[in-house]
Amino acid sequence: MFDVIIIGSGPAGISAGIYLKRAKKDVLIISNGKSALEKAKKIENYYGIESISGEELYKTGLKQAERLKIPIEIDEVTNITLEEHFTVTTTNRKYEARYVILATGTNRMAPNIKGVKEFEGKGVSYCAICDAFFYRNKNVAVIGNGNYAIHEAKQLKPIAKSVTILTNGKEIVQNRDASDFEVEETPIKEFRGTNSIEEVEFENNNTKKIEGVFIAIGTATSADLAKKIGAVVKNNNVVVNGNMETTVKGLYACGDCTGGLLQVNKAVYEGAVAALEIIKQLD
Ligand SMILES: Cc1cc2nc3c(=O)[nH]c(=O)nc-3n(C[C@H](O)[C@H](O)[C@H](O)COP(=O)(O)OP(=O)(O)OC[C@H]3O[C@@H](n4cnc5c(N)ncnc54)[C@H](O)[C@@H]3O)c2cc1C
């Protein structure tokens, strides 16, 4: 069991990792290897650095972690649960920890498909574990084509009548569980219904009756993971107190996922605060 698992290797996650490791805590970073930082062509507003590309700053952060011998697992986190300790589930395995820090940045985007925004809360959901119960014995779909979409489909399978994965024109990921589901790769035209979703129409004009749609595009964000474990999320931001602790004891969040200023300096600061608070608790 680890003292702390940090999910994310951007500025927030690495900053937390540096403080924890220097305090000799047993820490693991799990990251799927992509940071918002890599999209930044040039960063010229960070103290002490006149100009640097986002990619270079990200790689320097990773090198710093490497030098401190902080283990970084390249994997995708799909779920977190809490019993006596936290269990962090990735595509490949499970890890246990006393504390977890969410530092996955922010990337949740509703797909730009007609009907998705209109039916939010009326058939469109962003969390299978939270809302599956409302769709028992109903025909539901999951939008996405990666490991996270398959994870969400697996959550729904024992409860819903049928689960179809809609990849919206993309190829489904080669995952050992993908073959357990009906997969529709045709691009989606729109979701229709009267008071709630009733059917999906594809670009080829075929239709399919569905009563619920779960959005699981890309990877699980901190907001997705927080919701699954019952932490409060507001406007897609994880709610934290001044110590960066979420409403679930032992679960911390930092960086872009907590909202506010979406900048490197705030991510670095919040990572440090979360780490220092956990160090205090562990000691
Ligand atoms: C185009 C662009 C330009 C920008 N320019 C500036 C600028 O000039 N100055 C500035 O200060 N900021 C800038 N930013 C913002 C800055 O990049 C972010 O504020 C910062 O990267 C946030 O850090 P973070 O650690 O919270 O998240 P991120 O850097 O996004 O890191 C998130 C980490 O979580 C991991 N992750 C996500 N989901 C999972 C999962 N399910 N399982 C495992 N790992 C996961 C990712 O692999 C990544 O390692 C810019 C951003 C963009 C997009």
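Begin by selecting helix 4, residues 147–156, in this predicted model: nine of its 10 residues are buried, so the helix is largely enclosed by the rest of the structure. If you colour the buried positions, you will mark N147, Y148, A149, I150, H151, E152, A153, Q155 and L156.

Next, widen the view to the whole chain, which is divided into domain 1, made of 2–107 + 220–282, and domain 2, made of 124–215. Give each domain its own colour, and note that the C-alpha centres of domain 1 and domain 2 lie 29 Å apart. Where the domains meet, eight residues of domain 1 are in contact with seven residues of domain 2. On the side of domain 1 that touches domain 2, strand 4 (77–82) and helix 5 (222–228) each supply at least two residues, and the largest share, three residues, comes from helix 5. Sorted by class, that side of domain 1 has one nonpolar, three polar and four charged residues.

From helix 5, step back along the chain to G218, whose place is in the loop between strand 14 (212–215) and helix 5. Is G218 buried or exposed? With 18 C-beta neighbours inside 10 Å, G218 falls between these two and counts as partly exposed. Now add G144 to the selection: G218 and G144 are 74 residues apart in sequence, while their C-alpha atoms are 6.8 Å apart in space.

The next stop is a sheet, for which you should select strands 11, 12 and 13. These three strands form an open sheet with the order 11-12-13 and antiparallel pairing. Its edge strands are strand 11 (188–193) and strand 13 (207–209), each of which pairs on one side only. Neighbouring strands of this sheet are turned by 20° against each other on average, with direction ignored. To look into the sheet in detail, select strand 12, residues 197–202, which runs antiparallel to strand 13 and is joined to strand 13 by three bridges. Here E199 stands opposite K209 in strand 13.

Two single residues deserve a stop for their backbone angles. Most residues other than glycine have a negative phi. Select N137 first, in the loop between helix 3 (128–131) and strand 8 (139–143); phi of N137 is near 60°, a positive value in a residue other than glycine. N137 is exposed, because it has 9 other C-beta atoms within 10 Å, and 12 or fewer is the cut-off for that class. Then go to M244, in the loop between strand 16 (237–238) and strand 17 (251–253), where phi is near 70°, again a positive value in a residue other than glycine. Is M244 buried or exposed? M244 counts as buried, because 28 C-beta neighbours lie inside 10 Å.

Finish at the ligand, and select the residues around it. Which of these 35 residues come nearest to the ligand? They are G8, G10, A12, G105 and G255. The elements that give two or more residues to the shell around the ligand are helix 1 (11–22), strand 2 (27–31) and helix 6 (264–282), and showing these three elements as cartoons will help you to place the shell within the chain. If you colour the shell by residue class, you will find 15 nonpolar, 16 polar and four charged residues.

Key: Residues are numbered from 1 along each chain as its sequence is written. This is a predicted model: local features need pLDDT of at least 70, side-chain atom pairs count only at pLDDT 80 or more; totals for chains, interfaces and linings use all residues. A residue is near a molecule or strand if its C-beta atom, placed from the backbone, lies within 6 Å of it. Helices (H or I, at least four residues) and strands (E, at least two) are DSSP runs, numbered from the N terminus. Ala, Val, Leu, Ile, Met, Phe, Trp, Tyr, Cys and Pro count as nonpolar, Asp, Glu, Lys and Arg as charged, and the others, Gly among them, as polar. A residue is buried if 20 or more other C-beta atoms lie within 10 Å of its own, exposed if 12 or fewer, and partly exposed in between; C-beta atoms are placed from the backbone. Two strands pair if DSSP finds at least two bridges between them. Axes are lines fitted to C-alpha atoms, for helices over the stretch in contact, and angles run from 0 to 180 degrees between N-to-C directions. Domain bounds come from an automatic or database domain assignment. Two residues are in contact if their C-beta atoms, placed from the backbone, lie within 7 Å.
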